[in-house]
Amino acid sequence: MKRRFFSTALVTATAWLSTSAAWAQATVFKSGKDFLTLDRPVATEAGTGKVEVIEFFWYSCPHCNAFEPTFAQWVKNVPKDVVVRRIPVSFRDDFAPQQRLFFTLEAMNLLDTLHAKVFAAVHVEKLPLNSDASVLAWAEKQPLDKTKFNEIYKSFGVASKLKRAVQLQNDFKVEGVPSLGVAGRYYVDGTLAGSMEQALKVTEALIAQSRPAQSNAKAGQKKS
């Protein structure tokens, strides 16, 4: 597989999670060194006045598994104007069942309870979950509506989300996971930033500079 996977250097979330004031005074990082600026901006789903952050991941990636608890805690502390999305990647055909699994759980509003359990199934229980049969067998043992799960898993809506996910990973030129897309303009990963801990700090700085109010203020200063 030609894609790279990035290692993570994790610390406890409380040691570095930022307050709103700290975010506003974020360190200045350099494009091309700490993050990449996309040649062509990607349309976001965040809405007016919001900044979108996308985590690209793969359930079977050990680095994503290690990063997940830290990222989950980080998500709980983001400012209200930040919208976080998770996008499962597909570097090979056998990634598709896990993509379908994620989008099915999302459609059923079960990510809060079962997202972490999927990581545990793969990395603790050693279930591959790399085929429709293995995913459906796992779902049969979970506290969910089995009939509804099967319907959504095989639905056109989920198939469409798979295509959109692949388009997003291509638009952001994702080379490995975990990695982050910010405001439809920036790409951050552990290799560029130095670690996934640092990648989150870079992300915080990019969020701060991407806020519409700040952008408008800077534009007004230039005009004056």
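**Strand 2, both faces.** I began with the two sides of strand 2 and found both covered: Val51, Val53, Glu55 and Phe57 on one side, and Glu52, Ile54 and Phe56 on the other, are all buried. I note here that the model is a predicted one. The strand runs over residues 51–57, and the count agrees with the face-by-face reading, since seven of its seven residues are buried.

**Neighbours in the sheet.** I then looked up which strands pair with strand 2. With strand 3, residues 82–88, strand 2 pairs in the parallel sense over seven bridges, and within that pairing I noted Val84 of strand 3 as the bridge partner of Val53. With strand 4, residues 179–182, the pairing of strand 2 is antiparallel and runs over four bridges; here Ile54 has Gly181 as its bridge partner in strand 4. I also followed the chain from strand 2 through helix 2, residues 62–76, to strand 3, and recorded a right-handed β-α-β unit.

**Glu52.** I wanted to know what surrounds this acidic residue of strand 2. Glu52 counts as buried, at 3% relative accessibility, and a polar atom of its side chain lies 3.0 Å from the backbone nitrogen of Glu45. Setting aside neighbours within four places in sequence, I listed the contacts of Glu52 as Thr44, Glu45, Ala46, Val83, Arg85, Gly181, Val182 and Ala183. Gly181, one of these contacts, is the residue I had already entered as the bridge partner of Ile54.

**Cysteines.** How many disulfides does the structure hold? I found zero. For Cys61 the closest cysteine sulfur is that of Cys64, and because the two sulfurs are 3.3 Å apart, they are too far from each other for a bond; the cut-off I applied is 2.5 Å. Cys64 is accordingly in no disulfide, its nearest cysteine sulfur being that of Cys61. I checked accessibility for the two residues as well: Cys61 is buried at a relative accessible area of 0%, and Cys64 is buried, also with a value of 0%.

**Aromatic pairs.** My search of the whole structure returned twelve aromatic pairs, and I wrote out two of them. In one, the ring centres of Phe57 and Phe119 are 6.1 Å apart and their planes stand at 50°, so I entered the pair as tilted. This pair joins distant parts of the chain, with Phe57 in strand 2 and Phe119 in helix 4, residues 111–123, at a separation of 62 residues. Phe57 counts as buried at 0% relative accessibility, and Phe119 is buried with a relative accessible area of 2%.

The other pair, Phe67 with Phe71, is tilted too, at 5.5 Å centre to centre and 35° between the planes. Where along the chain do Phe67 and Phe71 lie? Both are in helix 2, four residues apart, which is about one turn of the helix. Phe67 counts as buried at 0% relative accessibility, and Phe71 is buried with a relative accessible area of 0%.

**Cluster.** As a last entry I asked which residues form one aromatic cluster with Phe57. The members are Phe57, Tyr59, Phe102, Phe103 and Phe119, and Phe57 brings me back to strand 2, where it shares a covered face with Val51, Val53 and Glu55.

Notes: Residues are numbered from 1 along each chain as its sequence is written. This is a predicted model: local features need pLDDT of at least 70, side-chain atom pairs count only at pLDDT 80 or more; totals for chains, interfaces and linings use all residues. Side-chain values use heavy atoms; hydrogens and water are left out. Buried means under 20% relative accessible area, exposed over 50%, partly exposed in between (1.4 Å probe, protein chains only). Two strands pair if DSSP finds at least two bridges between them. A crossover is right-handed if, with the strands pointing away from the viewer, the path from the first strand over the helix to the second runs clockwise. A polar contact is a pair of N or O atoms within 3.5 Å; within protein, one must be able to donate a hydrogen and the other to accept it, and residues adjacent in sequence count only if both atoms are side-chain atoms. Contact means heavy atoms within 4.5 Å. Rings of Phe, Tyr and Trp (its six-membered ring) pair if their centres lie within 6.5 Å; planes under 30 degrees apart count as stacked, over 60 as edge-to-face and the rest as tilted.
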